[in-house]
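Work through the exercises below with the sequence and the coordinates open beside you, and try each task before reading its solution.

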Amino acid sequence: MKALVFAEQRDGKIKKTAFENVSLVKKLGMDFECAVIGDAVDAIELGKYGAAKVVHYKSAKLANYTPDGYAAVLADAMAKQGADVLVMGATSMGKDLGPRVAAKLNASMATDCTHIEMDGGDLKIVRPMYAGKVLATIKLTSAKKVVTVRPNVYAAEENPASAAVEEVASDVDFKTVVAEIVAGAKGKLDVTEADIVVSGGRGLKGPENWHLIEDLAAQLGAANGASRAAVDAGWRPHDEQVGQTGKTVSPSLYVAVGISGAIQHLAGMSSSKYIVAINKDPEAPIFKVADYGIVADLFEVVPRMIEELKNRN
Ligand SMILES: Cc1cc2nc3c(=O)[nH]c(=O)nc-3n(C[C@H](O)[C@H](O)[C@H](O)COP(=O)(O)OP(=O)(O)OC[C@H]3O[C@@H](n4cnc5c(N)ncnc54)[C@H](O)[C@@H]3O)c2cc1C
């Protein structure tokens with residue numbers, strides 16, 4: 001079975017999820033190539049993770065994501081590169097793009113997969129369903145398959161290969177043209193991509209205290225995360241939720257403030273390299289996974305940490 005890894009890019013830079021997926025198909029022992037769509041893209045970087053062949057479908061009109069344009073290119077790429085399975089990240093783009101390509105190819109599809117293994121020449125796939133209440137193990141039976149993989153579940157492992165990048169001028173016909181991109185909150189780091197994440201939970205007591213999380217994150221150059229309790233209470237937007245029904249993160253440093261460490265929260269952050277927990281309850285389950293724990297009132301300790309960091313920075 002041959003895989004085509006779609007390497008998502010933004011502003012010409014390949015996203016981490018592409019490196020993770022290259023590492024995944026390599027680990028599965030699959031024959032694979034990569035496909036990149038865009039204008040000026042630093043595609044050679046894929047070689048660092050073991051991609052030997054990358055086809056860059058190049059067009060100024062495709063510099064930014066356009067649903068019908070990208071879907072048309074990828075459906076053609078599957079045929080041109082002779083692949084059976086298309087692998088991409090279950091990112092905002094992947095969630096929109098995957099089903100469009102699957103429809104074009106008459107392919108079966110598995111979304112937001114958290115585990116994939118080879119099973120007698122077939123793929124055995126695990127994906128959470130019903131808001132994470134069950135884990136389904138499935139097989140895709142059609143000839144062509146599309147799989148989106150949850151970001152940060154698989155590590156991007158360096159495995160250098162000298163990538164050959166073939167540039168193909170893309171002249172696909174599509175209707176949707178990006179007129180303007182309006183950036184979201186200025187400078188806001190994506191929780192799945194940040195190297196440091198500071199998350200807050202119900203222990204913060206209310207949104208009026210969230211400046212503590214924001215200030216600590218700002219001093220550390222970190223992204224803001226939140227527990228589901230904080231999101232469900234409407235204190236924080238859903239895109240900050242970490243956990244089984246939120247995002248999976250795997251930063252170098254994860255700071256959990258006023259978070260108890262419920263199993264569903266741990267499912268989204270326990271693979272972080274170092275975990276620091278601040279909680280006033282010494283029995284809180286978060287301390288079982290923490291490398292460093294501070295048993296204290298967060299309203300006393302976090303302002304002191306911010307002050308200390310300000311003095312150092
Ligand atoms: C199907 C399903 C999916 C779920 N998915 C997710 C998910 O994706 N992500 C997620 O986070 N949860 C998820 N949950 C919810 C999860 O079970 C917990 O309810 C939730 O994580 C609790 O959030 P919390 O830790 O912020 O709140 P709590 O459990 O209420 O913990 C608050 C913590 O703050 C501490 N605290 C209070 N005051 C202070 C203070 N002044 N100083 C220091 N510490 C203090 C307390 O000791 C306590 O440990 C899911 C649940 C289900 C059933």
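The exercises that follow concern a predicted model, and they move from helices to cores, the ligand shell and single residues.

**Exercise 1. Helix 8**

Task: Compare the span of helix 8 with the expected one, and determine which of its residues are buried and which are exposed.

Solution: Begin with the length: helix 8 covers residues 298-312, and at 1.5 Å a residue its 15 residues should span 21 Å, which agrees with the 21 Å between its end C-alpha atoms. Next, sort the residues by burial, which gives Leu298, Val302 and Met305 as the buried residues of helix 8. Seen down the helix axis, these buried residues fall within an arc of 60°, so they line one face of helix 8. An α-helix has 3.6 residues a turn, so residues three or four places apart point the same way. On the other side of helix 8, the exposed residues are Glu300, Arg304, Glu307, Glu308, Lys310 and Asn311. Finally, look for what lies over the buried residues of helix 8: the cover includes helix 4 (211-220), strand 15 (253-257) and strand 16 (274-279).

**Exercise 2. Helix 3 and the residue after it**

Task: Describe the span, the buried residues and the packing partners of helix 3, then inspect the backbone at Asn106.

Solution: Helix 3 (residues 92-105) has 14 residues, and from its first C-alpha to its last it reaches 21 Å, close to the 20 Å expected at 1.5 Å a residue. Its buried residues are Met93, Gly94, Leu97, Gly98, Val101, Ala102 and Leu105. Those buried residues pack against helix 2, strand 6 (85-89), strand 7 (108-113) and strand 11 (145-149). Just after helix 3, Asn106 takes a positive phi of about 55°.

**Exercise 3. The nonpolar cores**

Task: Find how many residues the largest nonpolar core has, and trace the contacts of Leu46.

Solution: The largest nonpolar core has 55 residues, and those with the most contacts inside it are Leu4, Val5, Ala7, Ala35, Leu46, Leu74 and Leu86. Helix 2 (residues 67-80) contributes the largest share of this core, 8 residues. Apart from this core lies another one, of 34 residues, among them Leu204, Ile275, Ala284 and Met305. Turning to Leu46, and leaving aside its neighbours within four places in sequence, one finds contacts with Ala7, Ile14, Ala18, Val22, Cys34, Ala51, Val54 and Ala163.

**Exercise 4. The shell around the ligand**

Task: State which residues come nearest to the ligand, which helix supplies the largest share of the shell, and how the shell divides by residue class.

Solution: There are 31 residues around the ligand, of which Gly201, Gly203, Ser227, Arg228 and Gly243 come nearest. Assigning the shell to elements shows that helix 5 (228-232), helix 6 (263-266), strand 16 and helix 8 each supply at least two residues, and that the largest share, 3 residues, comes from helix 5. By class, the residues of the shell divide into 10 nonpolar, 15 polar and 6 charged.

**Exercise 5. Positive phi in two loops**

Task: Decide whether Asp11 and Asn152 are buried or exposed, and place each in its loop.

Solution: Most residues other than glycine have a negative phi. Asp11, although it is not a glycine, has a positive phi of about 50°, and it is found in the loop between strand 2 (9-10) and strand 3 (13-14). With 10 C-beta neighbours inside 10 Å, Asp11 counts as exposed, the cut-off for that class being 12 or fewer. Asn152 likewise is not a glycine and has a positive phi, of about 70°; its loop lies between strand 11 and strand 12 (164-169). Asn152 counts as buried because it has 23 C-beta neighbours inside 10 Å, where the class requires 20 or more.

**Exercise 6. Thr17 and Ser272**

Task: For Thr17 and Ser272, establish the location, the burial and the contacts made beyond four places in sequence.

Solution: Thr17 is found in helix 1 (residues 16-27), and its 28 C-beta neighbours inside 10 Å make it buried. Not counting residues up to four places away in sequence, Thr17 touches Glu8, Gly89, Thr91 and Pro151. The C-alpha atoms of Thr17 and Thr91 are separated by 8.3 Å, although the two residues are 74 residues apart along the chain. Ser272 is placed in the loop between helix 6 and strand 16 and is buried, with 23 other C-beta atoms within 10 Å. With residues up to four places away again left out, Ser272 touches Val249, Ser250, Pro251 and Tyr254.

Conventions: Residues are numbered from 1 along each chain as its sequence is written. This is a predicted model: local features need pLDDT of at least 70, side-chain atom pairs count only at pLDDT 80 or more; totals for chains, interfaces and linings use all residues. The expected span of a helix is 1.5 Å times one less than its number of residues. The arc is that of the directions from the helix axis to the C-beta atoms. Two residues are in contact if their C-beta atoms, placed from the backbone, lie within 7 Å. A nonpolar core is a set of buried Ala, Val, Leu, Ile, Met, Phe, Trp, Tyr and Cys residues joined through C-beta atoms within 7 Å. A residue is near a molecule or strand if its C-beta atom, placed from the backbone, lies within 6 Å of it. Ala, Val, Leu, Ile, Met, Phe, Trp, Tyr, Cys and Pro count as nonpolar, Asp, Glu, Lys and Arg as charged, and the others, Gly among them, as polar.
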